[in-house]
Amino acid sequence: ERMGLQYSETRLMPFLHFPVLAAATRMHGQGSKTGTSMATPMLVLEDGTRLQCSTEILKFASEFRRGECEEADLFPNALASELDQEFSGRLGIVSRKIAYWYLTQQPDMFASLSNGNVGTLQSAAWKISNVPIRHAMVKALGINEASTKRAIDELHKIFEKVSHLLSDGRRYLAADHMTAADITFAALAAPMLGIGKEHGYRAYLPVDGFSPEMTAMTEQLRATPAGQHALRMWKMRNEVVRGVTAKSSL
């Protein structure tokens, strides 16, 4: 959206995405070097090329507008690339583990995840299959109380690192403009900050039903410089989307 690229989005629930991505793998040529055939997000280009890594998708978007202005370069230096990779790995892993731990501890909330996120058919499939999916997810990701505690400790270390980077007064993490580092941090920190549709997050998250523990952690993280930075990135994203929508309606 920020780069003016038009696209259509297909939303998929965890585990239910496997058959859809398997079909895309058969139908749309070769996969990316860094993504697996079952990885999300996936961007299928007009020529059938599949980009199955958020970093590759950001690089594609950056290349699309790179020559027009400096701000279009999402990977202007080594720091932007290093932080993007670090967040994609460490932050992505721990945020998923923490979110799924709290969700799987509340079966009714877990069952409601399809509400407002996917179409009627997929939502019905989720309602039927969410119990075995919940058990499979816990096993596959190694989610338990001990691993969640380690993930929370790691999450705080990442936020401390980002807060330290921002302590010199910089507005962005790696350059004088928004880069992949800012985008990846804000996107992957979203579940931990209780980012919802009112903030521009497209997926429905039942933040009102979070446990007192999760709610307290969310408030604590939001109060940090890193949390404030992520919230500002989401606000900027919404301003861009509103601008694009206004132009398209003229």
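Okay, let's start with the overall layout: this protein has nine helices and two strands. Keep in mind that we're looking at a predicted model. If you walk along the chain from the N terminus, the elements go α-β-β-α-α-α-α-α-α-α-α. There are 250 residues in the protein, and 43% of them are buried. And here's a number on how the chain folds back on itself: take the contacts between residues at least 6 apart in sequence, and 66% of those join residues at least 24 apart.

Let's begin at the front of the chain, with histidine 17. You'll find histidine 17 in helix α1, which covers residues 17–27. Is histidine 17 buried or exposed? Its relative accessibility is 11%, so histidine 17 counts as buried. A polar atom of the histidine 17 side chain is 3.2 Å from the backbone nitrogen of phenylalanine 15.

Next up, helix α2. That's residues 54–65, twelve residues, and at 1.5 Å a residue they should span 16 Å. The end C-alpha atoms turn out to be 17 Å apart, so that agrees. Which residues of α2 are buried? Those are Thr55, Glu56, Leu58, Ala61 and Ser62. And what sits on top of them? The cover includes β2, at residues 50–51, along with α3 and α7, the latter being residues 180–189.

While we're in this stretch, have a look at lysine 59. Its charged end sits over the ring of phenylalanine 75, 5.5 Å from the ring's centre. There's another arrangement of this kind elsewhere in the chain: the charged end of arginine 232 sits over the ring of tyrosine 172, and there the distance to the centre is 5.2 Å.

Now the loop between α2 and α3, where we find glutamate 71. Glutamate 71 has a relative accessibility of 41%, so this one counts as partly exposed. Who does glutamate 71 touch, once we leave out residues up to four places away in sequence? His177 and Met178. There's also threonine 179: in sequence, glutamate 71 and threonine 179 are 108 residues apart, yet their C-alpha atoms are 8.0 Å apart in space.

On to α3, which is residues 78–104, so 27 residues. From first C-alpha to last, α3 reaches 38 Å, close to the expected 39 Å. At the N-terminal end, asparagine 77 acts as a cap: a side-chain oxygen of asparagine 77 lies 3.2 Å from the backbone nitrogen of leucine 79. Where does α3 bend? At phenylalanine 87, by about 30°.

Stay with phenylalanine 87 for a moment. With a relative accessible area of 1%, phenylalanine 87 is buried. That takes us to the aromatics. The count of aromatic pairs comes to three. One of them is phenylalanine 87 with phenylalanine 185, a tilted pair, 5.3 Å centre to centre with 50° between the planes. This pair links distant parts of the chain, as phenylalanine 87 is in helix α3 and phenylalanine 185 is in helix α7, 98 residues apart. Phenylalanine 185 is at 0% relative accessibility, so that partner counts as buried too. Bring in Phe159, and you have one aromatic cluster made of Phe87, Phe159 and Phe185.

Last part: two asparagines in loops. Asparagine 117 is in the loop between α4, residues 107–111, and α5, residues 120–141. Its relative accessible area is 12%, and the cut-off for buried is under 20%, so asparagine 117 is buried. A polar atom of the asparagine 117 side chain lies 2.6 Å from the backbone oxygen of leucine 113.

Then there's asparagine 144, in the loop between α5 and α6, where α6 is residues 145–166. Asparagine 144 has 35% relative accessibility, so this residue counts as partly exposed. What does its side chain reach? The backbone nitrogen of alanine 146, at 3.1 Å. And asparagine 144 has lysine 97 at 8.9 Å in space, C-alpha to C-alpha, although the two are 47 residues apart in sequence.

If you want one place to start looking in the viewer, I'd go to phenylalanine 87: α3 bends there, and phenylalanine 87 belongs to the cluster with Phe159 and Phe185. That's what I have for today.

Note on methods: Residues are numbered from 1 along each chain as its sequence is written. This is a predicted model: local features need pLDDT of at least 70, side-chain atom pairs count only at pLDDT 80 or more; totals for chains, interfaces and linings use all residues. Side-chain values use heavy atoms; hydrogens and water are left out. Helices (H or I, at least four residues) and strands (E, at least two) are DSSP runs, numbered from the N terminus. The expected span of a helix is 1.5 Å times one less than its number of residues. The bend at a residue is the angle between axes fitted to the seven residues ending there and the seven starting there. A polar contact is a pair of N or O atoms within 3.5 Å; within protein, one must be able to donate a hydrogen and the other to accept it, and residues adjacent in sequence count only if both atoms are side-chain atoms. Buried means under 20% relative accessible area, exposed over 50%, partly exposed in between (1.4 Å probe, protein chains only). Contact means heavy atoms within 4.5 Å. Rings of Phe, Tyr and Trp (its six-membered ring) pair if their centres lie within 6.5 Å; planes under 30 degrees apart count as stacked, over 60 as edge-to-face and the rest as tilted. A charge sits over a ring if NZ of Lys or CZ of Arg is within 6 Å of the ring centre and within 35 degrees of the ring normal.
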